[in-house]
Amino acid sequence: MPTAPRLLPLLAILAAICALALPSAASAIETGTPAWLINGQVLRAGPGAAYDVTGELGEETRIQVDRCTYRWCQIHADGARGWVSRDNVSFGQHPRGPLTGPRLNYPSGGTVCFYTGPDFTGDHLCQPPGTVVHDLQLFGIDDRFASLLIPESGSVTVCRDRDFSSYCERIIASQPLLPRLLVNAVSSYRVH
């Protein structure tokens with residue numbers, strides 16, 4: 001075994017290189033839905049003002065939402081974790097509330113068809129303007145749609161979670177494949 005002593009330093013160097021190449025715990029992939037905390041707020045140990053304060057985050061803080069109840073969201077950001085009022089969470093692209101920003105002249109009045117497969121394939125569900133579905137799970141078709149056909153001048157707001165929470169997007173043209181955060185992830189929608 002004259003080669004074993006030379007092999008040990010080589011193995012030590014390879015182990016050091018592998019350790020540097022692996023991600024550390026600090027750079028682990030974030031989980032949850034990206035969102036913003038609109039105003040500074042204290043974090044609570046549970047979903048309500050009666051729970052103990054566990055920390056505080058400033059306004060316009062980028063957060064990750066783990067889950068939401070009707071009025072509260074469990075979030076984490078900057079090493080802090082806790083519950084905040086759902087009214088103070090924005091799932092938009094900017095840390096502004098849902099009623100801010102320009103008023104856009106979106107098309108409305110057309111039928112919208114959802115398809116389970118990409119490129120308008122698979123089972124489909126067509127809905128007229130004015131249709132509002134708060135929770136697709138109630139119909140057994142939650143998180144199933146992959147493409148969207150808007151044959152007329154219509155539009156639809158689709159959201160990742162029930163009751164129009166989490167990530168939402170207004171879609172005004174047919175989508176052979178829904179945006180990455182919505183493909184096979186639509187739980188509520190409103191046809192305009």
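## Group meeting: aromatic pairs, cores and strands in a predicted model

Three aromatic pairs are counted in this chain. Keep in mind throughout that the model is predicted. I'll take the rings to begin with, then the cores, then the strands.

A pair of rings is described by two things, the distance between the centres and the angle between the planes. For Phe 114 and Phe 145 the centres are 5.0 Å apart and the planes stand at 35°, so this pair is classed as tilted. Phe 114 belongs to strand 8, whereas Phe 145 sits in the loop between strand 10 and strand 11, so the pair ties together parts that are 31 residues apart in sequence. Phe 114 and Phe 145 are both buried.

Another pair is Tyr 115 with Phe 120, and that one is edge-to-face, at 6.0 Å centre to centre with 70° between the planes. Are these two residues buried or exposed? Tyr 115 has a relative accessibility of 12%, so Tyr 115 counts as buried. Phe 120 comes out as partly exposed, because its relative accessible area is 30%.

There is also a cluster to point out: Phe 114, Phe 145 and Tyr 189 form one aromatic cluster.

Now the cores. Which residues touch the most other members of the largest nonpolar core? They are Phe 114, Leu 148, Val 156, Val 158 and Tyr 189, in a core of 17 residues. Strand 8, strand 12, strand 13 and strand 14 each supply at least two residues of this core. A separate core has 13 residues, including Ala 35, Ile 63, Ile 75 and Ala 80.

Back to Phe 114 for a moment. Leaving aside neighbours within four places in sequence, its contacts include Phe 145, Leu 148, Val 156, Val 158 and Tyr 189. The list also has polar residues, among them Asp 123, His 124, Gln 127 and Ser 147.

On to the strands. The chain has one helix and 14 strands. Strands of a sheet pair through backbone hydrogen bonds, either parallel or antiparallel. One open sheet here has four strands in the order 10-14-12-13, with antiparallel pairing. Its edge strands are strand 10, residues 132-133, and strand 13, residues 165-171, each pairing on one side only.

Inside that sheet, strand 10 pairs with strand 14, residues 188-191, over two bridges. Val 132 stands opposite Arg 190 there. Strand 12 and strand 14 are joined by four bridges and run antiparallel, with Val 158 opposite Tyr 189. Val 158 and Tyr 189 were both named among the core residues a minute ago.

What follows strand 14? His 192 lies in the segment after it. A polar contact of 2.7 Å joins the side chains of His 192 and Thr 157. Beyond four places in sequence, the residues in contact with His 192 include Pro 107, Gly 110, Pro 129, Val 156 and Arg 170.

Next is strand 5, residues 72-77. How many of its six residues are buried? Six of the six are, so strand 5 is largely enclosed by the rest of the structure. Its two faces are both covered, with Trp 72, Gln 74 and His 76 buried on one side and Cys 73, Ile 75 and Ala 77 buried on the other.

Strand 5 has partners on record in this model. With strand 4, residues 61-68, it runs antiparallel over four bridges, and a hairpin of three residues joins strand 4 to strand 5. Cys 68 has Cys 73 as its bridge partner in strand 5. With strand 6, residues 80-85, strand 5 pairs in the antiparallel sense over six bridges. Strand 5 and strand 6 also form a hairpin, with two residues between them, and Asp 78 in that turn has a positive phi of about 50°.

His 76 is worth a word, as several points meet there. The place of His 76 is in strand 5, and with 10% relative accessibility it counts as buried, because the cut-off is under 20%. Its bridge partner in strand 6 is Arg 81. The side chains of His 76 and Asp 66 make a polar contact of 3.0 Å.

Last, some totals. Of the 192 residues, 36% count as buried. Among contacts with a separation of 6 or more, 61% are between residues 24 or more positions apart. The accessible surface of the chain is about 11,500 Å², and 57% of that belongs to carbon and sulfur atoms.

Technical notes. Residues numbered from 1 in each chain as written. Predicted model: local features only at pLDDT ≥ 70, side-chain atom pairs only at ≥ 80, totals over all residues. Heavy atoms only, no water. Pairing = 2+ DSSP bridges. Buried < 20%, exposed > 50% of the residue type's maximum accessible area, 1.4 Å probe, protein only. Contact = heavy atoms within 4.5 Å. Areas by Shrake-Rupley, 256 points an atom, 1.4 Å probe, with all protein chains shown as cover. Core = buried A, V, L, I, M, F, W, Y, C linked by side-chain atoms within 4.5 Å. Polar contact = N/O pair within 3.5 Å; in protein donor to acceptor, adjacent residues only side chain to side chain. Phe/Tyr/Trp six-rings, centres within 6.5 Å; stacked < 30°, edge-to-face > 60°.
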